[in-house]
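Dear colleague,

Please find below the structure that I am handing over to you. I would be grateful if you could read the notes beneath it with the model open.

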Amino acid sequence: MPIHKGDLIEVQFTGLSYKGYGLARYDGREVSAMGALPGERAEMRVLRKPRHRLVGEIVRTISSPFDRPEPRCEHFGVCGGCWGQNVAYEDQLRLKEEIVRGYLRPLVEAVAFSPILPAPENWAYRNKMEFSFDRGPEGEFQLGLHWRGRFDQLFDLNTCPIAPPIFSEIVRFVRAFAQERGLPVYDQRRKEGLLRFLTIREGRRTGEVMVALTATRRDKTFEGLAEALMARFPAIRSVLFVLNSTLGQIAYGSEEAVLGGRQTIRETLRVKDVEHTFALSFRSFLQTNTHAAERLYEIVLDRAHLSGNERVLEIFCGIGTITAFLARKAKKVVGVELIADAVANARSNMAANGIDNVDFVVGPAEKRLRDLEGAFDVVIVDPPRAGIHPKALRRLIELAPPRFVYVSCNPKTLADDIRVLREIYTVKNVQPVDLFPHTPHVETVVELKAMNNE
Ligand code: SAH
């Protein structure tokens, strides 16, 4: 029987992808559907048929081995942000653990897997969120988040329970202000208008809040908005204007200006009773769950087994959040990072925390590692989703530091890279850490050891 778009089929799901899709086989084809969990039987409508696969939406769950709690969020299901508010947190953890094991099982001995570490908070954990402005289908004002799978469609956000309450309060305040003053919103279809994005960031340990408005041009009304925001929310320490007059739908722009307060806010990280404070600019990368990131970094420090005498190579070091803690426990750290701005932040963060045993190298790891001199005792990597560039992997195998700690936000590329590293390394431990409750994302810290060093 040929299967057509729109057909209803009954599917027995057996797996979960790292993007949160339930996986199954039907009539010899791979099937995926958002929201389905392994062990569930469901009726699914076929939405798309890319290259002999079937992508569907769940119409009705027939049977499930899971409790399905009521989602807390009024926007759940429509919003593209969360995947599992209707899955008990304990079950989310087991499912994430299984995603990691599924990819790494062929490469790692069973005894090396440690149980997943839960996030310290399941709600109100995010320290940064980006909201978009648009005109709705009827030309109405919108400020919110994207529909699941729809980059071109927003819904008006009222509250978001995975962000601190002040984020939703600021969204509602900005919406009321913009509507009252008739501020023109950027229309994504017509590509005209003013306001494009509202980014909110909070130092979870300092309480300092940053609000950034991305717009196609600077307008006098923004000054009034900045003033009104700071008067209404004393926690706001920085209001920024970001210029993006290009067609690219991104919150980052070519120019930044302070509308109120300072250019940066601060965040403090506490790892193993050591505290370091970091200045965050609008562009600085920081793990979006501060308290869970502290747990992650604690694991990294444990797995690095530093005694104080080591030369440590840290690749993908960002603004130096892991670097600062490593530097306290090692003789020397060399940090490699692509973005020059991040390295400038990292340098001032080290100075502000009284750390003087770190050198930074700016540029792509796949190029910069070539010129690195000297031997390293430990290498720490924390790459973006795409994993490590093959040239950088090759060079690391040449440098062959005896200990290797891999921090990954994508179990799929992690497995690909470990497959290459197995040439000279064995995996000693795999530790999944949950940083993002209710989403399918999972971080993993893998400890490897060079084989000639047993
Ligand atoms: N370890 C940091 C940052 C991790 S995010 C933290 O925990 O905060 C990954 C970092 O890798 C980003 O800062 C990004 O700019 C950097 N990066 C991405 N591609 C890179 C490359 N090819 N070479 C070096 N750094 C890269």
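The notes below deal with the ligand site and then with two sheets.

This is a predicted model, in which local features need pLDDT of at least 70 and side-chain atom pairs count only at pLDDT 80 or more, while totals for chains, interfaces and linings use all residues. Residues are numbered from 1 along each chain as its sequence is written, and side-chain values use heavy atoms, with hydrogens and water left out.

The ligand has 16 residues around it, of which Tyr297, Thr321, Glu337, Ala365 and Asp382 come nearest (a residue is near if one of its heavy atoms lies within 4 Å). By class, this shell holds 10 nonpolar, three polar and three charged residues (Ala, Val, Leu, Ile, Met, Phe, Trp, Tyr, Cys and Pro count as nonpolar, Asp, Glu, Lys and Arg as charged, and the others, Gly among them, as polar). An oxygen atom of the ligand lies 2.7 Å from a polar side-chain atom of Tyr297. A nitrogen atom of the ligand is 2.8 Å from a backbone N or O atom of Ala365, and a nitrogen atom of the ligand is 3.1 Å from a side-chain N or O atom of Glu366 (polar contacts with the ligand are pairs of N or O atoms within 3.5 Å). On its own the ligand has 570 Å² of accessible area, and the protein covers 87% of this (Shrake-Rupley method, 1.4 Å probe). Helix H5 (321–327) and helix H7 (365–368) are the elements that give two or more residues to the shell (helices are DSSP runs of H or I with at least four residues, strands runs of E with at least two, numbered from the N terminus).

One open sheet has seven strands in the order S17-S16-S15-S18-S19-S21-S20, with mixed pairing (two strands pair if DSSP finds at least two bridges between them). Strands S17 (358–362) and S20 (425–433) each have a single partner strand, so one side of each is left without a neighbour in the sheet. Strands S19 (403–408) and S21 (443–450) pair in the antiparallel sense over six bridges, and Arg403 stands opposite Lys449 in S21.

Another open sheet of seven strands follows the order S8-S7-S6-S9-S10-S11-S12, and its pairing is mixed. Its edges are strands S8 (154–156) and S12 (255–261); each has a single partner strand, so one side of each lacks a neighbour in the sheet. Strand S11 (236–243) pairs with S12 in the antiparallel sense over six bridges, with Val239 opposite Gly260 in S12.

Yours sincerely

Definitions and conventions
A polar contact is a pair of N or O atoms within 3.5 Å; within protein, one must be able to donate a hydrogen and the other to accept it, and residues adjacent in sequence count only if both atoms are side-chain atoms.
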